[in-house]
Amino acid sequence: KQWYQRRVRGSEEVGELVEDLFETMHATGSDFTNTFRLLQSVDLTPDGYDLETVVATMLTNCLSREESRAMIKTKYSKADAQALYKIVQQFQREDGEGLSGGFNPLAMYGINPGAVVRDYELHLRLGQLEKMGDTEFTEQQATKWREWI
C-alpha cells in the first residue's frame, strides 16, 4: 500500500483505488496492459460516463469461465487435497497462523502445508466454476467492475 502511495504520489485514497483495481483485475482475469488501455479509452469523469457501458468495455478484457478453469493448476487431485487438508487442519494453530508447535507431520513426505491449503482452495474454486453458468460468471465479473468503478 505504501509502495502505491509513493509510486502514484497520491493520498491514501489513491493507493486504495489502485490496490482495489489490482484485486479486481486479478479476480476477473483481466490483462494488465489491456486494462489500462481500456481505462484510457473510456470517459470516467462524473458527468461523462455510463456505468454499464464502461463495465461492458472492461468485460471484453476478462477471462471466460472456461479460460478461468483452464488457468487453475493444482498439484494434488481433489481427493488427495481434501485428505491432506484434513491433516493440516488437525495440526493448525488456533489463530490459524501456521502449524501448532511448528510440528509438520507431512514434512517427512515432502508435503508443504501451504501448498495443500492452496490446492484445497483451488479445488473449491473449480467446483464453484463448474456449478455456475457462463451468464452467472459474467455477471460476477461485471459486479466486481461496478464495485470498483
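**Figure 1. Crossing of helices α4 and α8 in the predicted model.** Helix α4, residues 51-59, and helix α8, residues 134-148, have axes that come within 9 Å and cross at roughly 120 degrees. The angle between these axes therefore makes α4 oblique to α8. In handedness, the crossing of α4 and α8 is right-handed. On the α4 side, the contact is made by Leu51, Glu52, Val55, Met58 and Leu59; on the α8 side, Thr138, Gln141, Ala142, Trp145 and Arg146 take part. By class, the residues of the contact of α4 with α8 comprise six nonpolar, two polar and two charged.

**Figure 2. Crossing of helices α6 and α7.** Two packed helices are described by the angle between their axes and the distance between the axes. For helix α6 (residues 78-90) and α7, the axes come within 9 Å, and the crossing angle is roughly 130 degrees. This angle makes α6 oblique to α7. The crossing in which α6 passes α7 is left-handed. From α6, the residues Lys78, Ala81, Gln82, Leu84, Tyr85 and Val88 take part in the contact. Their partners in α7 are Pro113, Val116, Val117, Asp119, Tyr120 and His123. The contact of α6 with α7 divides into eight nonpolar, two polar and two charged residues.

**Figure 3. The largest pocket and its lining.** The space in the largest pocket amounts to about 450 Å³. The pocket is lined by 16 residues, of which His26, Ala27, Ser68, Ile72 and Arg125 are the closest to its centre. Two or more lining residues are given by each of the elements α2 (12-28), α5 (65-71), α7 (113-131) and α8. The element that gives the most to this lining is α7, with five residues. Seven nonpolar, five polar and four charged residues make up the lining of the largest pocket.

**Figure 4. The largest cavity and its lining.** Rolling a probe the size of a water molecule over the atoms shows where empty space is left. Across the whole structure, a search finds one cavity of 30 Å³ or more. The volume of the largest cavity is about 30 Å³. Its lining consists of Ala27, Arg125, Phe137, Gln140, Gln141 and Lys144. Helix α8 supplies the largest share of this lining, four residues. The lining of the largest cavity comprises two nonpolar, two polar and two charged residues.

**Figure 5. Residues that recur in the preceding views.** Ala27 and Arg125 line the largest cavity, and both are among the lining residues closest to the centre of the largest pocket. Gln141 of α8 takes part in the contact with α4 and also lines the largest cavity. Helix α8 is one of the elements that give two or more residues to the lining of the largest pocket, and α8 also provides four residues of the cavity lining.

Technical notes. Residues are numbered from 1 along each chain as its sequence is written. This is a predicted model: local features need pLDDT of at least 70, side-chain atom pairs count only at pLDDT 80 or more; totals for chains, interfaces and linings use all residues. Side-chain values use heavy atoms; hydrogens and water are left out. Axes are lines fitted to C-alpha atoms, for helices over the stretch in contact, and angles run from 0 to 180 degrees between N-to-C directions. Angles under 35 degrees count as roughly parallel, over 145 as roughly antiparallel, 65 to 115 as roughly perpendicular and the rest as oblique. A crossing is left-handed if the near helix is turned anticlockwise from the far one by less than a right angle, and right-handed if clockwise. Contact means heavy atoms within 4.5 Å. Ala, Val, Leu, Ile, Met, Phe, Trp, Tyr, Cys and Pro count as nonpolar, Asp, Glu, Lys and Arg as charged, and the others, Gly among them, as polar. On a 1 Å grid over the protein atoms alone, a cavity is a set of points where a 1.4 Å probe fits but cannot get out, and a pocket is an open set with protein on both sides within 12 Å along at least five of seven lines; lining residues have an atom within 4 Å of a point. Grid points are joined across faces, edges and corners, and a volume is the space filled by probe spheres set on the points.
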